[in-house]
Amino acid sequence: MSSLWCLPYCCNAGVKTTLLEAHSDMGSTEILEKETSESLSNGTSSNIEAAKRLAKRLYQLDRFKRSDVAKHLGKNNEFSKLVAEEYLKFFDFTGMTLDQSLRYFFKAFSLVGETQERERVLIHFSNRYFYCNPNTIASQDGVHCLTCAMMLLNTDLHGHVSVGV
């Protein structure tokens, strides 16, 4: 796998939206999310509440492993996006540098999965970091580009792309 896994998306994909699709084997936890997301229509308060519940369980590792978290945050569907937004609310990066925030974030779970899934997780991280520190870096895209650059340097330094292990 190339160490340039993040750069193609960095500055031209847009932080708030991405048109990438990825599929992954979700194991036993896929059933929970699939049932929840299929039985609810997007945007309803029930859907948001279900996303909050799943995000809390992921954050607390309640019947989930650290390696399960990224799988749920990185899927390309509306429910997973809601879960990711709710999950990131458990992190307060206010006053932290970008590298401190990344370290703090990756203590909670392992960033595993396909490149596109990892990219979506990093987009959610970048959005949250910018929300917590709106005056530190000029834009959300700027935060995302720096995040990708730091991840690339980490990959080059350590020779792998698994983070938080």
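The exercises below work through the fold, the core, the salt bridges and one surface patch of a predicted model.

**Exercise 1. Describe the secondary structure and the overall burial of the protein.**

Solution.
- Step 1: The protein holds eight helices and zero strands.
- Step 2: Read from the N terminus, the order of elements is α-α-α-α-α-α-α-α.
- Step 3: The protein has 165 residues, of which 44% are buried.
- Step 4: About 8,600 Å² is exposed, and carbon and sulfur atoms supply 53% of that area.
- Step 5: Among contacts with a separation of 6 or more, 72% are between residues 24 or more positions apart.

**Exercise 2. Identify the residues of the largest nonpolar core that touch the most other members, and the helix that gives the most to this core.**

Solution.
- Step 1: This core has 32 residues, and Y87, F105 and F109 touch the most other members.
- Step 2: At least two core residues come from each of helix 3 (45-60), helix 4 (66-73), helix 5, helix 6, helix 7 (115-132) and helix 8 (140-158).
- Step 3: Helix 7 gives the most, with six residues.
- Step 4: As background, nonpolar side chains in soluble globular proteins tend to be buried together.

**Exercise 3. For the salt bridges E49 with K52 and D99 with R103, give the N to O distance, the spacing in the helix and the accessibility of each partner.**

Solution.
- Step 1: In the pair E49 and K52, the closest N and O atoms are 3.7 Å apart; a salt bridge requires a distance within 4 Å.
- Step 2: E49 and K52 lie about one helical turn from each other because they are three residues apart in helix 3.
- Step 3: E49 is partly exposed at 38% relative accessible area, and K52 is partly exposed at 35%.
- Step 4: D99 and R103 meet at 2.8 Å, N to O.
- Step 5: Both belong to helix 6 and are four residues apart, about one turn.
- Step 6: D99 is partly exposed at 26%, whereas R103 is exposed at 55%.
- Step 7: Elsewhere, R57, D62 and R63 form one network through salt bridges that share partners.

**Exercise 4. Is E86, the salt-bridge partner of K89, buried or exposed?**

Solution.
- Step 1: The side chains of K89 and E86 form a salt bridge of 3.1 Å, N to O.
- Step 2: E86 has 12% relative accessibility, so this residue counts as buried, the cut-off being under 20%.

**Exercise 5. Locate F90 and state which surface patch F90 helps to make.**

Solution.
- Step 1: F90 sits in the loop between helix 5 (78-88) and helix 6 (98-106).
- Step 2: F90 is partly exposed, at 32% relative accessibility; patch residues need over 30%.
- Step 3: Together with Y59 and Y104, F90 makes a nonpolar surface patch of about 240 Å².

Notes:
Residues are numbered from 1 along each chain as its sequence is written. This is a predicted model: local features need pLDDT of at least 70, side-chain atom pairs count only at pLDDT 80 or more; totals for chains, interfaces and linings use all residues. Side-chain values use heavy atoms; hydrogens and water are left out. Patches are made of residues with over 30% relative accessible area and no salt bridge: like charges are joined within 9 Å, nonpolar side chains (Val, Leu, Ile, Met, Phe, Trp, Tyr) within 5 Å. Accessible areas come from the Shrake-Rupley method with a 1.4 Å probe; for residues, only the protein chains shown count as cover. Buried means under 20% relative accessible area, exposed over 50%, partly exposed in between (1.4 Å probe, protein chains only). A nonpolar core is a set of buried Ala, Val, Leu, Ile, Met, Phe, Trp, Tyr and Cys residues joined through side-chain atoms within 4.5 Å. Contact means heavy atoms within 4.5 Å.
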